[in-house]
Amino acid sequence: MTTSSPQGAQTLTGLSETIVLVGAGKMGGAILEGWLGLGLDPKNIIVVEPQPGPEITALAARGLRINPNAGTVGETSAVLIAVKPQVAGDVLPTLKPYVGASTVTVSIMAGRTLGSLEQALPARAALVRAMPNTPAAIGRGITVAIPNTHVLPDQRKLVDTLLSATGAVEWITDEALMDAVTAVSGSGPAYVFLLAEALARAGAAAGLPVDLASKLARITVAGSGELLHRSSEDAALLRQNVTSPGGTTAAALEVLIAKDGLAPLMEKAVAAGTRRSRELAG
Ligand SMILES: NC(=O)c1ccc[n+]([C@@H]2O[C@H](COP(=O)([O-])OP(=O)(O)OC[C@H]3O[C@@H](n4cnc5c(N)ncnc54)[C@H](OP(=O)(O)O)[C@@H]3O)[C@@H](O)[C@H]2O)c1
């Protein structure tokens with residue numbers, strides 16, 4: 001079962017308390033930008049990051065705290081972990097001073113299960129496992145989240161707001177779905193980029209200059225994505241709307257929709273990604 005993210009939860013008390021971001025790389029940096037866009041006061045944000053970039057360092061002038069002594073900070077309302085899963089073993093024990101009875105910890109680390117995270121955090125810690133995707137960098141991502149049994153309704157609202165800073169949020173109740181989520185929305189942007197590459201190559205093979213083929217493919221994929229984003233219609237209807245019977249699009253789609261066309265190939269790709277996510281989980 002999934003539930004959609006509620007909007008407009010800006011008045012949550014947790015937002016005016018201290019929130020910690022651990023790891024400000026590509027994804028953590030995008031999340032931080034989203035939080036500032038939401039209106040979070042930099043004074044309430046702590047960034048733990050060995051090599052903070054100049055943009056983050058500049059935020060110190062607005063009160064953002066970078067790598068403070070954890071012992072002087074105390075418990076916080078939320079801790080969001082955005083480091084690579086490989087360093088989780090080193091990082092998690094250092095977060096204990098920030099995590100108290102009223103703290104909710106959020107992990108976006110791919111493959112790190114609620115069970116394995118719970119073992120590294122204080123007993124009964126409220127915890128959310130989440131899987132964002134790269135369009136988060138432009139506020140157009142989608143994050144799928146699952147809470148453990150200790151997350152209270154207000155903490156879930158707080159996390160929903162923090163995650164919705166980079167796009168849509170969906171909540172699930174069955175953690176086993178995370179592997180398929182990873183293979184669909186986590187890895188999905190790469191499939192779309194591959195579509196642009198393949199379309200460009202096909203255009204060149206059909207006789208177009210390489211640069212023109214690449215530009216046509218790039219702008220077509222980006223524009224179609226935007227059209228889908230702005231439309232209330234589903235993808236199938238939008239496709240049908242641009243397909244005249246017996247026309248050019250219909251001729252091409254006949255190949256893509258064939259029994260050995262795109263749908264079974266995509267199914268195989270997502271199954272492979274799901275399997276791999278399951279193998280890597282821990
Ligand atoms: N990018 C995605 O599309 C995506 C999608 C879903 C989930 N995720 C998850 O998001 C997490 C971050 O991915 P990313 O692509 O943003 O990686 P990234 O750009 O490498 O960011 C990780 C950041 O954590 C920092 N870091 C390393 N050790 C640390 C420590 N001990 N304490 C605090 N910070 C530390 C790294 O600093 P250094 O560079 O100095 O090591 C880096 O700035 C991963 O767990 C990944 O599975 C990413």
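Before we look at distances, one definition: the domain bounds I'll use come from an automatic or database domain assignment. And do keep in mind, everyone, that this is a predicted model.

So, let's start with the overall layout. The assignment splits the chain into domain 1, residues 2-174, and domain 2, residues 188-281. Taken over C-alpha atoms, the centres of domain 1 and domain 2 are 34 Å apart. Where the two touch, domain 1 brings six residues and domain 2 brings five.

What is the area buried between domain 1 and domain 2? It comes to about 390 Å², and carbon and sulfur atoms give 54% of that. On the domain 1 side, three names are worth remembering: Gly111, Thr134 and Arg140. Together they supply 74% of the area that domain 1 buries against domain 2, more than any other three residues.

Now for the charged part of the story. Between domain 1 and domain 2 we count one salt bridge, and there is also one residue pair in polar contact, with both residues at pLDDT 80 or more. By class, the face of domain 1 that touches domain 2 has one nonpolar, four polar and one charged residues.

Let me show you a salt bridge on the model: the side chains of Glu226 and Arg140 meet at 3.1 Å, N to O. Searching the whole structure turns up six salt bridges. Glu226 sits in helix α9, residues 210-230, while Arg140 is in the loop between β7 (126-131) and β8 (141-147), so this pair ties together parts that are 86 residues apart in sequence.

Last stop, please: two helices. Helix α7 covers residues 178-186 and helix α8 covers residues 188-205. Their axes come within 5 Å and cross at roughly 35°. From α7, Ala183, Val184, Ser185 and Gly186 take part, and they meet Gly188, Pro189 and Tyr191 of α8. Sorted by class, the residues of this contact are four nonpolar, three polar and no charged.

Thanks for listening, and I'm happy to go back to any view.

Key. Residues are numbered from 1 along each chain as its sequence is written. This is a predicted model: local features need pLDDT of at least 70, side-chain atom pairs count only at pLDDT 80 or more; totals for chains, interfaces and linings use all residues. Side-chain values use heavy atoms; hydrogens and water are left out. Axes are lines fitted to C-alpha atoms, for helices over the stretch in contact, and angles run from 0 to 180 degrees between N-to-C directions. Helices (H or I, at least four residues) and strands (E, at least two) are DSSP runs, numbered from the N terminus. Contact means heavy atoms within 4.5 Å. Ala, Val, Leu, Ile, Met, Phe, Trp, Tyr, Cys and Pro count as nonpolar, Asp, Glu, Lys and Arg as charged, and the others, Gly among them, as polar. Buried area is the accessible area (1.4 Å probe) that two parts lose on being put together, summed over both. A salt bridge is a side-chain nitrogen of Lys or Arg within 4 Å of a carboxyl oxygen of Asp or Glu. A polar contact is a pair of N or O atoms within 3.5 Å; within protein, one must be able to donate a hydrogen and the other to accept it, and residues adjacent in sequence count only if both atoms are side-chain atoms.
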